[in-house]
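User: I'm new to this, so please take a close look at the packing inside this model and talk me through it step by step.

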Amino acid sequence: MMMRVILSALLWINLAGFAPAAALQTLETPDVAVLYDSAAADAREIPGLYGQVHEELGRTLGLRLSYRPAVLLAEGEDPDRSPGGAFHFVAYAQPAEGLIVLHLTRMRAFSLPLSPVLKHELCHLILHDATGGGNLPRWLDEGVAQWVSGGISEMVAPRRPYFLPGAVLMGWDVPLERLDPLFHGNERDILYAYEKSLSVAEFLVNKGGAGSLSRLLRRMSRGETVQEALRSGYGMSLDDIERSWRRHISGVTGWLFYLSRYLYEILFFLGALAAVFGFLRYRRKIKSWREQEDPEEDEEDGDGRAIR
């Protein structure tokens, strides 16, 4: 099985335009194969890190990977995977090949640690392995992967916007059943899709606990659809879950969460506003002092000329 995964990964690497497979070195352990070109130090770190995050995911999700995956440590750019604009993908998983790709250059540029990024991508492999991928909606796949990795996604941006409360209140929130195409849309669509996926996953955890989400995933691993698993585990349909989530997002709790994400911007705005009012007040005081210094009537000298 491991040899098949490595051969499949090497074939995909050649087709994807990375460094030639012949130039890659392989570090194999009983749990994972690490493919690398020049990142030898990082390669030696991966096996121990992989064992740690795999164990954590097993405890959290109640699921484990049934095969040994390959992890490619990529240097340089991957033009086929960057959507352009203000953000970049720093990692991604290829479940069909049993492969995780970590873009070390981008991760270093944004000071991202290996552990949560690896955890996010390994979660994708585990979920696809458990469910076969066919009955796993993208929003649940991305939502759970972000939740288990502390909100980390495959992409980084100089500033990540939060659209949810505005989208819900303005009535242009996209239902979960139609959310998957947005992961392939424009920059705003992609950011929104990731944000909503994480929010719904967190809502499910808050509603029933991490155990309920784990049981939901295990039901899906036995062939249930997400609709069936939600009814079995939460006693609600997907539409019911989404309506409840919208009420949460548009309520006080949701707005407090939304405002907390913009805390620094809000404080900066209030500080700027206070500075403007302070400056205007200072100008008024200066004007008042000048008016008080001017005599109410002009005085005249001995020749009848006005003096000031």
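Analyst: Here is a walk through the nonpolar core and a few of the helices.

Before we start: this is a predicted model, so local features need pLDDT of at least 70 and side-chain atom pairs count only at pLDDT 80 or more, while totals for chains, interfaces and linings use all residues. Residues are numbered from 1 along each chain as its sequence is written, and side-chain values use heavy atoms, leaving out hydrogens and water.

First, the overall picture. The protein chain has 11 helices and 9 strands (DSSP runs numbered from the N terminus: H or I of at least four residues for helices, E of at least two for strands). Of its 308 residues, 44% count as buried (under 20% relative accessible area with a 1.4 Å probe, protein chains only; over 50% is exposed, and in between is partly exposed). Take the contacts (heavy atoms within 4.5 Å) with a separation of 6 or more: 66% of them link residues 24 or more positions apart.

Now the inside. The largest nonpolar core (buried Ala, Val, Leu, Ile, Met, Phe, Trp, Tyr and Cys joined through side-chain atoms within 4.5 Å) holds 70 residues, and those touching the most other members are L61, L73, L102, L140, V144 and L179. Helix 7 (residues 187-221) gives the most, with 13 residues. Leaving aside residues up to four places away in sequence, L102 touches I46, V71, L72, L73, A74, V90, A91, M107, L114, V117 and L118. There's also a second, separate core of 8 residues, including L24, L35, Y92 and L99.

L61 from that list also turns up where helix 2 meets helix 4. The axes (lines fitted to C-alpha atoms over the stretch in contact, with angles from 0 to 180 degrees between N-to-C directions) of helix 2 (residues 40-61) and helix 4 (residues 114-131) come within 9 Å and cross at roughly 55 degrees. That makes the two helices oblique (under 35 degrees is roughly parallel, over 145 roughly antiparallel, 65 to 115 roughly perpendicular, and the rest oblique). Among the residues making this contact are I46, L49, V53 and L61 of helix 2, plus L114, L118 and L122 of helix 4.

Helix 2 also carries A43, which is buried at a relative accessible area of 1%. A43 touches L27, V34, Y36 and L73, again not counting residues up to four places away.

Just ahead of helix 4, look at S111, in the loop between helix 3 (104-109) and helix 4. S111 counts as exposed, at 62% relative accessibility. Its phi is near 55 degrees, a positive value in a residue other than glycine.

Back to helix 7, which packs against helix 9 (238-250) at an angle of about 100 degrees, axes 11 Å apart. That makes helix 7 roughly perpendicular to helix 9. Where they meet, you'll find V200, F203 and L204 among the helix 7 residues, and I241, W245 and I249 among those of helix 9.

Both of these helices, along with helix 5 (138-148), help cover the buried residues of helix 8. In helix 8 (residues 226-234), those buried residues are V226, A229, L230 and Y234. Viewed down the helix axis, they fall within an arc of 100 degrees (taken from the directions from the axis to the C-beta atoms), so they line one face of helix 8. After helix 8 comes G235, with a positive phi near 70 degrees.
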